[in-house]
Amino acid sequence: PSLRTTQSWVVRSEGRVILIDTGAGNGKYRPLQPIWSYLNTDYLGNLAAAGVEPEEVDLVVNTHLHDDHVGWNTRLDGRDWVPTFPNATYLMPRPDVEYWHPENLPRTRFGRGNQNVYEDSIDPVIDAGLVRTWDGSHVIDANLRLAPAPGHTPGSSVVHLESGGDRAVFAGDLLHGAIQVPEPHLNSCFEEDEDAARASRARMYAYAADHNALVLPAHLPGHGAFEIRRRGAGFEISGWAPFSRT
Ligand SMILES: [Zn+2]
């Protein structure tokens with residue numbers, strides 16, 4: 001898997017601009033994650049190229065609260081971390097809000113991998129009153145809903161898109177590489193609960209195969225998304241998304 005590819009998806013639905021996951025962020029100190037430490041990327045320039053200014057984002061969805069999915073929740077303003085998207089509501093899965101609290105970090109597998117994340121990327125948006133937590137499931141609008149997919153983290157979730165005949169699943173970190181389609185039992189080294197991660201992955205594949213849904217994980221390079229079909233008792237990739245990475 002290529003963790004250097006970290007996707008952030010822009011979805012326009014019912015007149016609103018929705019951002020699914022916010023990458024690793026700039027200027028953040030990640031002592032155990034050097035590839036995401038003190039980054040200086042043109043994320044906001046890329047977002048502008050997609051036609052979106054930070055003030056225009058209405059909703060931010062963090063599929064889970066790992067460092068590489070919440071980074072652009074905030075940006076530095078002088079010495080302070082401030083919400084990057086000041087007019088947005090930030091949707092966060094409640095189990096992760098509790099699990100990744102700094103006091104609980106020593107009891108997690110990922111542990112210091114998530115060091116500083118709460119302080120620089122979660123607390124500032126909570127303090128600004130922009131966070132709404134959800135549990136169980138959550139309907140975003142007529143086209144989009146959040147569903148729990150625990151394992152990678154306790155609050156890991158996927159976003160289902162259903163619009164006309166189109167179906168898609170924004171799969172977050174349910175998989176990190178295409179090899180996990182024909183070999184769905186393979187876990188990444190980052191799962192908090194290995195068995196639950198396998199179960200959530202298999203359930204998502206079954207949905208995607210049975211509904212012709214495009215699967216959009218967070219860390220696939222190249223085309224970045226695919227469709228799958230059943231093959232015997234398992235699954236295989238039936239096609240790649242037509243869009244290319246910029
Ligand atoms: Zn990730």
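Start at the zinc ion. Select D68, H69, D173 and H219: in this predicted model, these are the protein donors of the zinc ion, at 2.1 to 2.2 Å from it. The aspartates D68 and D173 each give an OD atom, while the histidines H69 and H219 each give NE2. Along the chain, the donors are spaced as D-H-x103-D-x45-H. Now colour just D68 and D173, which link distant parts of the chain: D68 belongs to helix α2 (residues 67–70), and D173 lies in the loop between β11 (166–172) and α5 (194–210), 105 residues away.

What about the angles around the zinc ion? The four donor atoms subtend 81 to 162°, so the arrangement is irregular.

Try switching on a surface next. Are D68 and D173 buried or exposed? D68 is buried, with a relative accessible area of 3%, and D173 is buried too, at 4%.

Move on to helix α4, residues 117–127. Show the side chains of its buried residues: V117, Y118, D120, S121, I122, P124 and V125. Then bring up what covers them, including α2, the helix that holds D68. Strands β4 (74–77), β5 (80–83), β6 (89–93) and β7 (131–134) are also among the covering elements, as is helix α3 (94–99). Just past the end of α4, click on G129, which takes a positive phi of about 75°.

Last stop: select residues 226–240 to see strands β13 (226–231) and β14 (234–240). They pair in the antiparallel sense over six bridges. For one of the bridge partnerships, pick R229 and look across to E236 in β14. Two residues sit between the strands of this hairpin, and G232 in the turn has a positive phi of about 60°.

Methods:
Residues numbered from 1 in each chain as written. Predicted model: local features only at pLDDT ≥ 70, side-chain atom pairs only at ≥ 80, totals over all residues. Heavy atoms only, no water. Pairing = 2+ DSSP bridges. Helix = DSSP H or I, 4+ residues; strand = E, 2+ residues; numbered from the N terminus. Donors = N, O, S within 2.8 Å, 3.2 Å for Na, K, Ca; no water. Tetrahedral: all angles 85-135°; square planar, octahedral: opposite > 155°, others 65-115°. Buried < 20%, exposed > 50% of the residue type's maximum accessible area, 1.4 Å probe, protein only. Contact = heavy atoms within 4.5 Å.
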